[in-house]
Amino acid sequence: MTKSMYELAKELFPICRSLTGEGNRQTLRILQREIPELNIHEVPSGTDVFDWTIPAEWNIEDAYVENEAGVRVIDFKKTNLSVVGYSYPMDEWMELDELKKIVFTLEEQPDVIPYVTSYYNPRSGFCMSYNELNKLPQGRYHAVIKSKFIEDGSLTYGDVIIPGETEDEIFFSTYICHPSMCNDQLSGPVMLAALIEYIRGLKHRHYTYRITFAPETIGAIAYLSENLQHMKAHVKAGYNVACVGDDRTYTYLASRYGNTLADKLAVNVLKFHYPGFKSCDFMKRGSDERQYCAPGVDIPLASIARSKFHDYPEYHTSADNLDCISQKGLEGALDVYKQIVDAMEYNWYYQVTTICEPRLGKRGLYPTVSKKGVYDEIQSMINLIAYADGTNDLIDISNIIDVPIKELIPIVEKLEENGLIKRTSTNI
Amino acid sequence: MTKSMYELAKELFPICRSLTGEGNRQTLRILQREIPELNIHEVPSGTDVFDWTIPAEWNIEDAYVENEAGVRVIDFKKTNLSVVGYSYPMDEWMELDELKKIVFTLEEQPDVIPYVTSYYNPRSGFCMSYNELNKLPQGRYHAVIKSKFIEDGSLTYGDVIIPGETEDEIFFSTYICHPSMCNDQLSGPVMLAALIEYIRGLKHRHYTYRITFAPETIGAIAYLSENLQHMKAHVKAGYNVACVGDDRTYTYLASRYGNTLADKLAVNVLKFHYPGFKSCDFMKRGSDERQYCAPGVDIPLASIARSKFHDYPEYHTSADNLDCISQKGLEGALDVYKQIVDAMEYNWYYQVTTICEPRLGKRGLYPTVSKKGVYDEIQSMINLIAYADGTNDLIDISNIIDVPIKELIPIVEKLEENGLIKRTSTNI
Amino acid sequence: MTKSMYELAKELFPICRSLTGEGNRQTLRILQREIPELNIHEVPSGTDVFDWTIPAEWNIEDAYVENEAGVRVIDFKKTNLSVVGYSYPMDEWMELDELKKIVFTLEEQPDVIPYVTSYYNPRSGFCMSYNELNKLPQGRYHAVIKSKFIEDGSLTYGDVIIPGETEDEIFFSTYICHPSMCNDQLSGPVMLAALIEYIRGLKHRHYTYRITFAPETIGAIAYLSENLQHMKAHVKAGYNVACVGDDRTYTYLASRYGNTLADKLAVNVLKFHYPGFKSCDFMKRGSDERQYCAPGVDIPLASIARSKFHDYPEYHTSADNLDCISQKGLEGALDVYKQIVDAMEYNWYYQVTTICEPRLGKRGLYPTVSKKGVYDEIQSMINLIAYADGTNDLIDISNIIDVPIKELIPIVEKLEENGLIKRTSTNI
């Protein structure tokens with residue numbers, strides 16, 4: 001990467017993203033600079049994707065409300081959260097009372113601008129902090145939205161394929177449809193950019209990696225409408241990557257039944273990485289797991305976030321800004337996702353090659369004096385061997401013997417070198 | 001019904017019921033007035049029913065103990081609990097010491113008359129409160145029991161069949177063999193009379209409903225000896241209905257393994273209706289679930305009671321009288337059983353008809369502005385759809401998404417109307 | 001037995017046992033006096049047993065460290081823990097500093113001599129209490145070990161086969177390789193001697209009993225190398241018997257997955273015998289369960305101990321002496337293992353022979369008056385019948401109805417006599 005994750009988020013912050021439009025293309029082109037493998041795709045407006053239809057492309061040039069003195073009291077140029085996403089164009093003078101009907105505020109958090117969209121219903125609207133709105137004096141106001149709907153436009157998304165030794169895939173998904181917000185928008189793409197760099201550098205890559213950057217919901221549905229059969233056949237584990245930039249906690253969000261390989265691995269990695277992590281069932285979903293885990297889709301996909309959407313006060317407001325995330329927060333999430341990748345690459349079923357315990361001593365793997373205390377030091381190796389009975393993958397072994405996979409990987413390598421364990425199959 | 005459940009219990013209260021006899025016929029005839037579908041059956045004394053034999057019919061005209069002055073100190077006419085059930089006739093003068101040998105009391109509850117029977121062992125006896133017995137002065141007493149055993153008599157029971165669209169059955173069982181007691185006797189028959197009225201009025205009735213009113217144990221065994229094969233083939237869920245008239249708590253009593261559809265539904269309904277309900281395993285059984293859930297019978301039957309037999313102080317004493325139950329208590333139980341019936345009628349496996357989430361908005365089922373807070377309102381519908389994957393019945397969905405079935409039924413109807421879910425099979 | 005378990009331990013205490021050698025033979029010959037069925041076997045040094053090789057036989061005549069005045073400051077004749085097991089012979093004068101390099105102590109327990117061995121690495125060493133070592137004045141010391149390695153020697157073990165009606169086996173294993181220690185050495189062999197006496201006296205013996213007395217690890221591996229296929233085919237439950245002599249607690253140590261018949265029975269017996277028993281998973285293993293439960297061996301074997309190895313302060317020190325165990329402690333363990341044997345002999349799947357509950361009264365098995373309180377008395381019988389449905393073995397029934405197997409055995413006998421239950425199969 002040419003810059004840190006945080007600096008990349010800073011660069012992407014001002015862009016006005018939505019379901020469609022130039023902001024999304026601009027975002028993907030910046031990401032493409034960091035991720036050369038990134039392919040950018042367009043899906044024409046009007047295309048039917050399962051139960052949905054790709055909407056007209058929406059672009060916006062400016063939006064504001066000015067008072068009779070020509071002073072802007074709401075200004076899209078200052079923050080693109082000021083306008084309701086997918087607003088229709090307008091140019092109208094009105095009294096304060098009229099204005100209030102088209103301005104959304106958030107009374108419970110009176111100092112922040114809420115994030116509001118109206119994708120599938122014709123509407124023009126603004127967003128403002130509750131306190132600012134209430135400070136406006138009576139008078140006439142000029143409400144202007146310079147937006148444009150392009151019926152023969154398209155929806156834009158990006159994807160990356162990093163081939164491995166097999167067609168079996170690990171899948172990561174993130175979205176690119178929120179305007180200027182950080183934890184719930186930019187953290188996902190920038191962390192994935194860094195993770196892709198890591199994956200690219202792996203010496204051995206059993207799995208092929210698929211990473212998507214698409215608008216939430218309609219983008220994921222569009223992507224699935226093009227790739228469902230392939231993904232159902234090949235994706236062994238997937239993660240929806242969102243809200244990975246703050247530094248408060250870690251959150252696991254389960255798949256529909258919490259019983260996929262992706263779930264099992266996420267829980268394993270998190271319980272060692274951050275034992276107090278929050279665990280949410282599928283009732284708490286809200287991002288593209290809604291599509292990837294839908295009945296009939298059934299991609300084995302879970303989510304690992306820092307403070308998950310809905311669960312932090314800045315969520316979907318102007319407070320989810322560059323102060324809400326940090327390089328440290330992003331690096332914490334990146335570390336977890338690297339562990340996920342490493343664990344997947346080593347997650348085979350292992351089988352010990354001896355009957356009874358092997359004699360580690362003759363291979364230089366055992367201390368030569370048996371004495372109280374010394375024994376504990378090679379306990380992980382002995383325990384790994386005890387459960388390398390062909391019925392456990394490495395995650396199972398880690399769970400049973402209560403040792404993180406990252407500590408087991410060097411032991412696995414040593415035992416394989418000595419011919420004491422062998423892989424019986426992948427985890428499938 | 002011509003009167004409330006409570007008023008019906010009041011009418012039935014004075015009748016002396018037992019395993020057999022006129023009191024049982026009189027009870028069933030009164031119930032027949034309220035339940036025109038009720039059929040009354042007789043099983044001749046001496047009939048072998050599995051390991052048991054129908055006993056001689058027992059009738060009793062009067063019983064008392066009078067002192068030398070001719071004053072009745074025990075009087076069957078005042079309460080039929082005064083005589084041990086199935087007592088042999090007697091007419092004997094005796095000293096107080098002799099009398100005490102044939103009078104049962106309950107020292108722990110010294111003011112109440114215990115309920116005692118001696119069905120299968122020849123015996124004559126009386127019941128009295130411990131305090132009253134101890135007040136009796138020395139002297140001679142005249143103990144009289146005017147009972148009669150009819151060797152060619154019969155055992156009497158009633159049943160009701162309300163046909164549905166299929167031969168699959170929902171089964172309710174209650175007993176009619178206890179004399180003047182309310183929660184542990186009359187509550188079951190009167191509540192079932194009201195439930196039958198409700199079932200009769202259902203617009204759609206997928207299931208056939210079978211309801212029995214029989215003496216406990218021997219009556220259930222007799223009923224099974226006549227209906228076992230049919231019931232094994234057709235009963236999908238059943239409930240033994242007893243002790244449903246007080247207003248203190250709710251109790252779930254499990255089937256032998258607690259794993260039948262009847263158990264699953266009972267727990268689901270109760271956890272929403274009365275979260276603090278008591279849950280008992282089969283060790284706590286004591287009524288006809290002993291037969292219906294016996295090995296080789298294996299009817300899928302659980303029980304939902306208010307204060308269950310053995311679990312309330314008035315149980316099997318003269319204190320289980322008309323003060324122990326109330327119309328409100330009966331209505332609470334009736335509400336639960338109505339929910340059971342409604343849930344069974346809607347308890348199919350459902351399958352969503354779209355791939356990915358359906359677009360609810362285009363069917364008018366989704367709010368048009370996405371804003372913090374609004375989202376929760378249709379969460380139940382979205383969650384129901386997420387788990388309508390053909391592997392869950394409606395009870396499963398209710399448990400997973402934590403919404404009562406009674407709230408899901410209107411959503412199911414709406415989704416079915418919109419063609420978004422379809423039934424894949426019944427719950428079998 | 002010619003003497004109590006404790007007295008037998010006292011007789012065996014002074015002998016110097018190890019992986020091999022005369023001390024082991026002497027130990028087995030004393031046991032043979034108490035257990036006539038005991039067979040003594042020799043496995044030649046150099047024999048390959050799976051991944052291991054039988055080591056040269058080790059014998060030791062004397063070992064000591066004397067000061068310049070010829071006073072022994074370490075003396076094997078006083079306690080055989082003074083020398084590191086499998087020490088090479090030596091005869092050398094050295095300064096105190098040199099001496100300290102070959103003397104092992106235990107600083108955390110400064111008054112006891114630690115138990116140290118060096119089986120597979122050439123070494124000569126002594127053991128001493130930390131405090132004693134630190135009292136030694138500067139000066140020259142004479143370190144002498146009169147040990148001998150016999151390359152064409154052998155490893156010695158004993159086993160006992162007590163035939164039953166079938167070839168199905170119950171297996172008990174203990175070890176004989178520790179020098180003068182009691183809970184972690186002598187308790188196992190002496191308690192098994194008493195258990196064998198009990199098994200010999202059983203009227204009916206469905207199972208064949210196999211009991212081994214072998215050096216830990218290499219002895220068990222040697223035994224398995226000779227008997228693996230037979231044992232895999234026939235052993236239905238086994239127990240490694242170690243540390244059964246103190247009187248502080250009871251400990252259950254699980255098999256690899258804790259899911260064998262041996263585990264199920266151990267937990268059942270202990271939960272009634274000593275509800276506060278300690279439960280350890282296979283991570284806490286340390287004796288021959290390491291071999292018997294290894295992948296590919298998979299003998300269904302658990303352990304029941306009093307204070308388990310590693311879990312009591314005297315473990316592997318000179319404090320694990322005759323004060324650490326007691327006849328009472330040994331008898332507690334013996335009682336548990338007798339219950340294990342009895343339960344196995346009765347552990348069939350039972351099937352009630354009637355449909356609905358049987359009428360116990362006509363067989364004299366039920367009280368003739370039904371009255372509050374009386375009912376509880378035969379509850380165990382009724383509950384046993386309810387779960388005698390052919391899907392539960394006696395352990396399952398005991399667990400479900402919460403009654404110890406030793407109380408169920410007489411009920412089983414009574415019900416079998418009355419033809420009310422029958423055995424459907426063994427527990428296999």
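Here is a friendly exchange about how the descriptions of this predicted model are reached.

Reader: What should I keep in mind about numbering and about the model itself?
Author: Residues are numbered from 1 along each chain as its sequence is written, while chains are lettered from A and ligands numbered from 1 in the order in which they are written. The model is predicted, with local features needing pLDDT of at least 70, side-chain atom pairs counting only at pLDDT 80 or more, and totals for chains, interfaces and linings using all residues; side-chain values use heavy atoms, leaving out hydrogens and water.

Reader: Thanks! Let us start with one chain: what makes up the secondary structure of chain A?
Author: Chain A has 12 helices and 19 strands. Helices (H or I, at least four residues) and strands (E, at least two) are DSSP runs, numbered from the N terminus. The C-alpha atoms of chain A fill a box of roughly 90 × 45 × 40 Å along the principal axes.

Reader: How much of chain A is buried, and what does buried mean?
Author: Of the 428 residues in chain A, 63% are buried. The word stands for under 20% relative accessible area, with exposed being over 50% and partly exposed in between (1.4 Å probe, protein chains only).

Reader: Why is C:Ser82 called buried?
Author: Its relative accessibility is 4%, so C:Ser82 counts as buried. This serine sits in the loop between strand E5 (72-75) and strand E6 (90-95) of chain C.

Reader: What is C:Ser82 in contact with, beyond its neighbours within four places in sequence?
Author: A contact means heavy atoms within 4.5 Å. C:Ser82 has such contacts with C:Ile74, C:Asp75 and C:Phe76, and also with C:Gly125, C:Phe126 and C:Cys127. A polar atom of the C:Ser82 side chain lies 3.5 Å from the backbone oxygen of C:Asp75. In addition, the C-alpha atoms of C:Ser82 and C:Val116 are 9.0 Å apart, with their positions 34 residues apart along the chain.

Reader: What makes B:Arg25 and B:Glu57 a salt bridge?
Author: The term asks for a side-chain nitrogen of Lys or Arg within 4 Å of a carboxyl oxygen of Asp or Glu. The side chains of B:Arg25 and B:Glu57 meet at 2.9 Å, N to O, so the pair fits the definition. This pair links distant parts of the chain, B:Arg25 being in helix H2 (residues 22-34) of chain B and B:Glu57 in strand E4 (residues 57-67) of chain B, 32 residues apart. Both B:Arg25 and B:Glu57 are buried.

Reader: Which burial class does each partner have in the salt bridge of B:Asp396 and B:Lys264?
Author: Their closest N and O atoms are 2.9 Å apart. The bridge links helix H11 (residues 394-401) of chain B, where B:Asp396 lies, with helix H7 (residues 261-273) of chain B, where B:Lys264 lies, 132 residues apart. B:Asp396 has a relative accessible area of 18% and is therefore buried. B:Lys264 has 26%, so this lysine is partly exposed.

Reader: Why do you say that C:Asp168 and C:Lys236 tie together parts of the chain?
Author: Their side chains meet in a salt bridge of 3.8 Å, N to O. C:Asp168 lies in the loop between strand E10 (154-162) and strand E11 (169-175) of chain C, and C:Lys236 in strand E13 (residues 235-240) of chain C, so the bridge ties together parts 68 residues apart in sequence. C:Asp168 and C:Lys236 are both buried.

Reader: How do you know how chain A and chain C are related?
Author: A rotation of 120° with 0.1 Å of shift along its axis superposes chain A on chain C, with an RMSD of 0.0 Å. The two copies are therefore related as by a three-fold rotation axis. The superposition is by least squares on the C-alpha atoms of residues with pLDDT of at least 70 in both copies.

Reader: What joins chain A and chain C across their interface?
Author: In this interface, 27 residues of chain A are in contact with 29 residues of chain C. Four salt bridges are found across it, and the side chains of C:Arg290 and A:Glu357 meet in a salt bridge at 2.9 Å, N to O. On the side of chain A that touches chain C, H10(A) gives the largest share, six residues.

How values were computed:
Polar contact = N/O pair within 3.5 Å; in protein donor to acceptor, adjacent residues only side chain to side chain.
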